[in-house]
Amino acid sequence: MNLSLVDLSPVPRDGTATDAFANTVETARHAESLGFERVWVAEHHGRGESLAGTTPEVLLGRLAGATDSIRLGSGAVLLNHYSPYKVAEVFATLDALAPGRIDAGLGRANGSPAVDRALQTSRRVQNPNEDHTEKIEAVISHLYEQFPDDHPYSDIELPRSGTGTAAPWVLGSSPSSGEIAGKLGLPYCFAGFIRPGFGERACQTYREHFEPSDSPVGVDSPTVMVALNAIAGDTDAEAARYRAVAEASYQRIQRGEVGSRPTVEAAIDELGGVPEPTPPTLDDGEFPRAISGSPETLASLFDQLTDRLGAEEVMLQQIAPDHETKLRSHELIAEAVGVAPRPA
């Protein structure tokens, strides 16, 4: 299977956004050397104390200059906040900077009322699914110059690389996002770390509604990637200790607490003990929000979950104790999955 990752640009303890972005650059270079397929960067707002990744379009330009061959993209641009034309401009420009390497991961999410007002997205939408579909279609029409000759936008030109343009993906965590991706004939990335219980339904809905696209933007058959919160250690027990940070962080978010990640020791204390290691074999229908294990355990879990969803690629999303642990986890997982290192 292909292996990829999405980086949230977490702010290190006693660090700054500058440190977070330096770590993201190192993460991308490291992933490229290991043979990862792609690196995406996330968009989160109003959490600057803990997550620095607010503007994928800016960070991707930096990553394009720091890497040579790995695909780069957004996981995701929150399209409900922006003009489709502006998003198309951004990704056409990024593709001109890194021809043939850019993914336009398109999603949606609402933050706090204050953040939504600050982003000027307080308008009410009567049918969010129709609105989201129309915005995705508009981005694609701009990227691929698909407006008819009599359309007001037909004469708008974007910067071009000369070899193509960014490849769009639909990202989501529900059956409605799967339906949108299927009807548009686009590849689909399911966010298994957000609402894992919807995974099988979302991917089944995607396939049921899939319509091959006649345009160069689409895919001929359903194409699924699953994003998993997964961390590796040398043993299952060591990895379970690392996973405690993700489990405690989720509990903090549910309590409305926004701040830096807990240490391993603090997370274990908050949880009342070390989490049980993720078993190498999951029960039918079992889909944990976060998984951990030795390379062998994670390889088994990836096989099970990708088979269940019909996915061809795993994207790692991690809430790791620290940057060094995250990089080591990537090395262990790459070795377990068997991805081939890129030549230096």
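Mentor: Quick definition before we start: a residue is buried with under 20% relative accessible area, exposed with over 50%, and partly exposed in between (1.4 Å probe, protein chains only). This is a predicted model, where local features need pLDDT of at least 70 and side-chain atom pairs count only at pLDDT 80 or more, while totals for chains, interfaces and linings use all residues. Residues are numbered from 1 along each chain as its sequence is written, and side-chain values use heavy atoms, with hydrogens and water left out.

Trainee: Okay, let's try that out. Is Asp14 buried or exposed?

Mentor: Asp14 sits in the loop between S1 and H1; helices (H or I, at least four residues) and strands (E, at least two) are DSSP runs, numbered from the N terminus. Its phi is positive, about 60 degrees, although it isn't a glycine. With 87% relative accessibility, Asp14 counts as exposed.

Trainee: And Ser9, buried or exposed?

Mentor: Ser9 lies in the loop between strand S1 (2-7) and helix H1 (17-34). Its phi is near 55 degrees, a positive value in a residue other than glycine. Most residues other than glycine have a negative phi, and most peptide bonds are trans. As for accessibility, a relative accessible area of 1% makes Ser9 buried.

Trainee: You mentioned peptide bonds. What is the geometry of the one from Gly75 to Ala76?

Mentor: Look at the loop between strand S3 (71-74) and strand S4 (77-78), where Ala76 has its place. Omega from Gly75 to Ala76 is near 5 degrees, and the bond is cis.

Trainee: How many disulfides are there?

Mentor: A disulfide here is a pair of cysteine sulfur atoms within 2.5 Å. Take Cys203, buried at 1% relative accessibility: the closest cysteine sulfur, in Cys189, is 9.3 Å away, so that is too far for a bond. Cys189 is buried as well, at 4% relative accessibility. By this rule the count of disulfides is zero.

Trainee: Which helix gives the most to the largest nonpolar core?

Mentor: A nonpolar core is a set of buried Ala, Val, Leu, Ile, Met, Phe, Trp, Tyr and Cys residues joined through side-chain atoms within 4.5 Å. The largest has 67 residues, and Leu3, Phe36, Phe91, Ile136, Phe302 and Leu316 touch the most other members. With six residues, the top contributor is helix H3 (residues 84-97).

Trainee: Phe302 caught my eye. Which residues is Phe302 in contact with?

Mentor: Contact means heavy atoms within 4.5 Å. Leave aside neighbours within four places in sequence, and the partners of Phe302 are Met1, Leu3, Leu228, Ala230, Ile291, Val314, Leu316, Ile333 and Val337.

Trainee: Why do the buried residues of H9 line one face of the helix?

Mentor: In helix H9 (residues 264-271), Val264, Ala267 and Ile268 are buried. The face turned away from them carries the exposed residues Glu265 and Asp269. The arc is that of the directions from the helix axis to the C-beta atoms. The buried residues line one face because, seen down the axis of H9, they fall within an arc of 100 degrees.

Trainee: How many residues of helix H6 are buried?

Mentor: What covers the buried residues of H6 includes helix H5 (128-143), strand S6 (167-172), strand S7 (188-191) and helix H7 (199-208). Pro175, Ser177 and Gly178 are among those buried residues. Helix H6 (residues 175-184) is largely enclosed by the rest of the structure, because the buried count is seven of the 10 residues.

Trainee: Now charges. Which residue does Asp7 meet in a salt bridge?

Mentor: A salt bridge is a side-chain nitrogen of Lys or Arg within 4 Å of a carboxyl oxygen of Asp or Glu, and this structure holds 14 of them. Asp7 is buried at 3% relative accessibility. Its partner, with N to O at 2.7 Å, is Lys326.

Trainee: How many residues apart are Arg328 and Asp234?

Mentor: Their closest N and O atoms are 3.3 Å apart, in a salt bridge. Arg328 is in helix H11, and Asp234 is in the loop between strand S8 (224-232) and H8, so to speak distant parts of the chain; the number of residues apart is 94.

Trainee: Last one: which residues do salt bridges with shared partners join into one network?

Mentor: Side chains of opposite charge can pair when their charged atoms come close. In this model, the residues joined into one network are Arg38, Arg71, Asp103 and Glu313.
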